[in-house]
Structures are given as C-alpha cells and as structure tokens.
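Visitor: I would like to go through the reasoning behind some of the labels used for this model. Could you take them one by one?

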Amino acid sequence: MMDKLIITVAVCGAEVTRNDTPYIPITPEEIAQQTYESYLAGASIVHLHVRDENGNPTQDPRIFKKTVSLIREKCPDMIIQVSTGGAVWMTPEERLQSLEADPDMATLTTGTVNFGNDVFFNSMPMIEKFASIMKEKGIMPEFECFDVGHINNAMTLVKKGLVQGHLHFDFVMGVPGGIAANARNLVTMVDSIPPGSTWSVAGVGRHEFSMAVMAIVMGGHVRVGLEDNIYIEKGVLAKSNAELVEKVVRLAKELGRPIATAKEARQILRLEERNR
Ligand code: KMH
Ligand code: ZN
C-alpha cells in the first residue's frame with residue numbers, strides 16, 4: 001500500500017522576484033503566513049529560503065531563526081526544511097548558515113548543475129562537508145537531485161557513513177541545464193534509488209502539476225510552491241502558495257491518494273527515530 005502523500009511547499013526560493021509575481025512572500029511574517037495557509041491546505045513540510053530587507057536572497061541566520069520561530073508558533077508540528085542551496089552566487093560557508101536555525105531537515109544538493117545561465121556549484125568535498133555537519137547536528141538531509149548522477153553522489157555519502165538512517169530524495173526536474181521533466185526520466189530517477197527510500201518530485205515551471213500527478217500515482221511525494229512555479233494554470237498567476245497546495249490536494253483526492261498530516265509525514269520519513 002502506498003504511504004499517504006507528503007506535500008512540501010517551497011514558499012519563496014531565491015530567484016523569483018516581485019517583478020515576476022506580486023504574490024511572492026518576502027518578509028519573515030509574510031513567509032510564515034503563507035506557510036501557515038499552506039499547512040492548513042495540506043502541506044506538511046516547508047522548504048525554506050529567506051530574503052533580506054531588500055527582497056534579496058540571504059542565508060542570514062538571524063532571519064532564518066526569526067522565520068523558523070514564527071512558523072513554529074503557527075504550525076508547531078510542521079516539518080521545517082531549510083535550504084542549504086541558497087542562491088548560485090553564495091559561498092558554501094554562507095549557505096551553511098541556515099543550519100543554525102535548528103531545522104528538522106535541510107536540503108543537500110548532491111551535484112553541480114547548470115542553472116539557466118548560471119552554475120549551481122556543489123563539488124564532492126563540499127557535499128561531504130555539508131553532509132557531515134548535518135549528521136553532527138542531527139538534521140535529516142533531503143537529497144536534492146537535479147540529474148541522475150546526483151543520486152550516485154548521494155549513495156557515495158551513504159557508503160562513507162556521512163548519511164545514516166532513512167533516505168529521502170527530491171527530484172528537481174525541468175531546471176534549464178538539469179534533467180528534463182518527463183515520465184521516462186522520472187522512472188529512471190525512481191529506479192536509481194535504493195528500495196525503502198522515499199522520494200518527492202519538484203516539477204519546475206509548467207511541469208509542476210504534470211510531475212505532481214505522476215508522483216501521486218507512482219507512490220512518491222510532491223513539492224509545489226512559488227519557488228518552482230508561479231502559475232496556477234497557463235497564464236494565470238497563483239495568488240498564494242496555498243492555492244498551489246490546494247490544487248495538489250484536489251488532484252490527489254481525484255486519484256484516491258490520501259494526504260499525510262505533519263505527524264504522519266514525520267512517521268513516513270522516520271524523523272522521530274533520529275537522535276536529536
Ligand atoms: N536556489 C537554487 C540555486 C535548495 O534549496 O537546496 C538552489 C535551491 C536548492 O533552491
Ligand atoms: Zn530551494
């Protein structure tokens with residue numbers, strides 16, 4: 001039997017600006033409010049980036065701590081997953097600062113990828129350093145795989161003992177430069193991870209909902225949010241992150257897949273078994 005569906009909401013990311021959509025949350029209060037509305041709609045994990053007072057991406061630990069505490073006040077059991085990806089121009093040291101906010105989980109991108117005209121750089125020594133710091137702090141990594149080879153790198157971390165316990169992967173599909181978002185590639189990704197692992201898919205841009213449907217029927221989990229896609233349908237901006245989550249909930253309902261609560265998501269990811 002399939003697990004209930006875990007929905008992750010990627011509320012703001014690092015790249016989307018107010019010029020792209022007026023609905024992107026920027027301040028800690030706006031981010032916490034949109035996270036809360038998404039939680040009420042059915043999201044059990046928040047994938048978190050933060051912005052500075054000018055709306056630019058930052059890994060400032062004070063802003064992360066403030067945002068995490070606002071989210072915990074409103075949604076005490078929601079799983080908080082901070083980004084260690086940050087933005088493409090950030091140093092590794094800068095990117096690691098989000099871990100100071102004591103999250104439940106953090107992203108761990110396991111390879112370099114072209115990212116539009118930029119390069120999202122993640123060398124193996126960097127990845128190993130990120131993994132060992134997460135291990136030391138008892139923070140569960142979510143492997144962010146932008147291509148198939150990133151899964152091999154993740155498994156190298158496991159072989160070296162840098163990642164232990166339950167393994168959870170997020171396949172980010174449709175980034176220009178990364179793996180294309182289609183059914184054949186998703187099957188390849190799923191076939192490449194070890195049995196017993198869990199996975200979600202983040203379809204970028206217009207691929208968000210088609211990839212979500214594939215994950216729903218294949219037994220995976222789903223990430224949506226304004227970080228990945230700003231449209232609720234072709235040419236129509238989503239007015240909030242919650243609107244995107246609500247659409248996934250409707251699709252899952254139609255397809256007969258129940259939604260996991262935050263407590264159930266913690267069980268599916270074996271989060272409570274980790275020593276914290
Ligand atoms: N903003 C991207 C360069 C993550 O959050 O870990 C990296 C990213 C992945 O969003
Ligand atoms: Zn991100």
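**Ligand shell and cysteines**

Guide: In this predicted model, the shell around ligand 1 divides by class into three nonpolar, seven polar and two charged residues.

Visitor: Which residues are around ligand 1?

Guide: They are Glu15, His47, His49, Ser83, Gly85, Gly86, Val88, Thr107, Thr109, Phe115, Phe120 and Glu227. Each has a heavy atom within 4 Å of the ligand.

Visitor: What makes the pair between ligand 1 and the side chain of His49 a polar contact?

Guide: An N or O atom of that side chain is 3.0 Å from an oxygen atom of ligand 1, and the cut-off for such a pair is 3.5 Å, so the pair qualifies. A polar side-chain atom of Thr107 also qualifies, at 2.7 Å from an oxygen atom of the ligand. At Gly86 the partner is a polar backbone atom, 2.8 Å from a nitrogen atom of ligand 1. Of the 300 Å² that ligand 1 exposes when taken alone, the protein buries 98%.

Visitor: Which pocket does ligand 1 take up?

Guide: The space taken by ligand 1 is the largest pocket.

Visitor: How do you know that Cys75 is in no disulfide?

Guide: The structure holds zero disulfides. For Cys75, the nearest cysteine sulfur is that of Cys12, 15 Å away; a disulfide needs the two sulfur atoms within 2.5 Å, so Cys75 does not form one.

Visitor: Why is Cys75 called buried?

Guide: Its relative accessibility is 0%, and buried means under 20%, so Cys75 counts as buried. Cys145 is called buried because its relative accessibility is 0%.

Definitions and conventions. Residues are numbered from 1 along each chain as its sequence is written. Chains are lettered from A and ligands numbered from 1 in the order in which they are written. This is a predicted model: local features need pLDDT of at least 70, side-chain atom pairs count only at pLDDT 80 or more; totals for chains, interfaces and linings use all residues. Side-chain values use heavy atoms; hydrogens and water are left out. A polar contact is a pair of N or O atoms within 3.5 Å; within protein, one must be able to donate a hydrogen and the other to accept it, and residues adjacent in sequence count only if both atoms are side-chain atoms. Accessible areas come from the Shrake-Rupley method with a 1.4 Å probe; for residues, only the protein chains shown count as cover. On a 1 Å grid over the protein atoms alone, a cavity is a set of points where a 1.4 Å probe fits but cannot get out, and a pocket is an open set with protein on both sides within 12 Å along at least five of seven lines; lining residues have an atom within 4 Å of a point. A molecule sits in a cavity or pocket if more than half of its atoms lie within 2 Å of its grid points. Ala, Val, Leu, Ile, Met, Phe, Trp, Tyr, Cys and Pro count as nonpolar, Asp, Glu, Lys and Arg as charged, and the others, Gly among them, as polar. Buried means under 20% relative accessible area, exposed over 50%, partly exposed in between (1.4 Å probe, protein chains only).
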